[in-house]
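Q: Please take a close look at one strand and one residue within it. What surrounds them, and how are they held in the sheet?

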Amino acid sequence: MTEQKARAGTWPRLRVADWTDTRDTLHMWTQIVGKIRLAHAPLLNHWWQVTLYVSPRGLTTSSVPYGDGAFDIEFDFVDHVLHIRSSDGPSRQVALEPKSVADFYGQTMGALDDLGIAARFQPRPNEVDPSIPFAEDRQHASYDPEAAHLFWRQLLQANRVMGDFRSRFVGKVSPVHLFWGAMDLACTRFSGRPAPQHPGGAPNCGDWVMVEGYSRELSSCGFWPGGGEEGAFYAYAYPEPSGFADYPVLPDGAYYSRQNGQFLLPYEAVADAGDPDTALMEFLDSTYAAAATLGDWDRAALEDDPRRWDGHRR
């Protein structure tokens, strides 16, 4: 099997229409876990302290400080369990199975109580409308384990290529991380200059949240389970420089959505490509070039070859 064929076979196929109910339930579950991290992690610029990360089993908070110790929470999409682990030794599990958001919330908070971990936060979701309080949400109650597993494997592939893309930038750049507000995997590069104050406008989310998130000039890319039949990759700039929407980007299938104010590349266009990794990297590179070139970024100072020290390794 050629390397390109092997890569094509690793990109899972999952139609959004086939798992919308599970997606929407899982979105609410990730908001609960993300808000638990938010309750204890100190502020990092652009809210980087609240995100989740792709792990070898699913999605994790990573280590969250608590008192003189720490805990973590991980969605395990292999065994379909939520793991809550404390540095004091004990751990608890919550089954990932069909259940309402209200039940998941109650079981998760109960598990934290058992571990002696307090977590006070606004108990309702952000960036969605309507915003149903977690304890009252019995509308979202679906969980298809196969779909959740496939979504995680989509994230694994996106995370891998986006991590390679991130490595080529030596300026300020975010981790590859999942924002639970919109449930999108994102990586953001910064020019080093301040940005005009963001106007806000996200549903059920204070404008001040967006002011912090977009306080510096940026070029952002990511993946979310919407925008295409199997999800979509996106890229945008803030502030958007003149001519950005008309900049030629790659690969075939990428386009600028004026409705969304960003470039989109359907997931299926990547998965169907002869070399999906190359197709996605073309999209990430060319959309960043649109922002950096038209925005007059100091690219020589901000970019470098991640293999620059390979010749010194033994």
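A: **Strand S5 and His83**

S5 is largely enclosed by the rest of the structure, because 5 of its 6 residues are buried. Buried means under 20% relative accessible area with a 1.4 Å probe, protein chains only. Strands are DSSP runs of E, at least two residues, numbered from the N terminus.

This is a predicted model: local features need pLDDT of at least 70, side-chain atom pairs count only at pLDDT 80 or more, and totals for chains, interfaces and linings use all residues. Residues are numbered from 1 along each chain as its sequence is written, and side-chain values use heavy atoms, with hydrogens and water left out.

S5 spans residues 81–86 and contains His83. His83 counts as buried because its relative accessibility is 15%. The His83 side chain makes a polar contact of 3.2 Å with the side chain of Asp76. Such a contact is a pair of N or O atoms within 3.5 Å; within protein, one must be able to donate a hydrogen and the other to accept it, and residues adjacent in sequence count only if both atoms are side-chain atoms. Leaving out residues up to four places away in sequence, His83 touches Asp72, Ile73, Glu74, Asp76, Arg92 and Gln93. Contact means heavy atoms within 4.5 Å.

Now the pairing. Two strands pair if DSSP finds at least two bridges between them. S4 (residues 69–76) runs antiparallel to S5, joined by 6 bridges. Ile73 has Ile84 as its bridge partner in S5. The S4–S5 hairpin has 4 residues between the strands, and His80 takes a positive phi near 60° there.

S6 (residues 91–95) is also antiparallel to S5, with 5 bridges. Val81 stands opposite Ala95 in S6. In the S5–S6 hairpin, with 4 residues between the strands, Gly89 takes a positive phi near 125°.

Notes. Buried means under 20% relative accessible area, exposed over 50%, partly exposed in between (1.4 Å probe, protein chains only).
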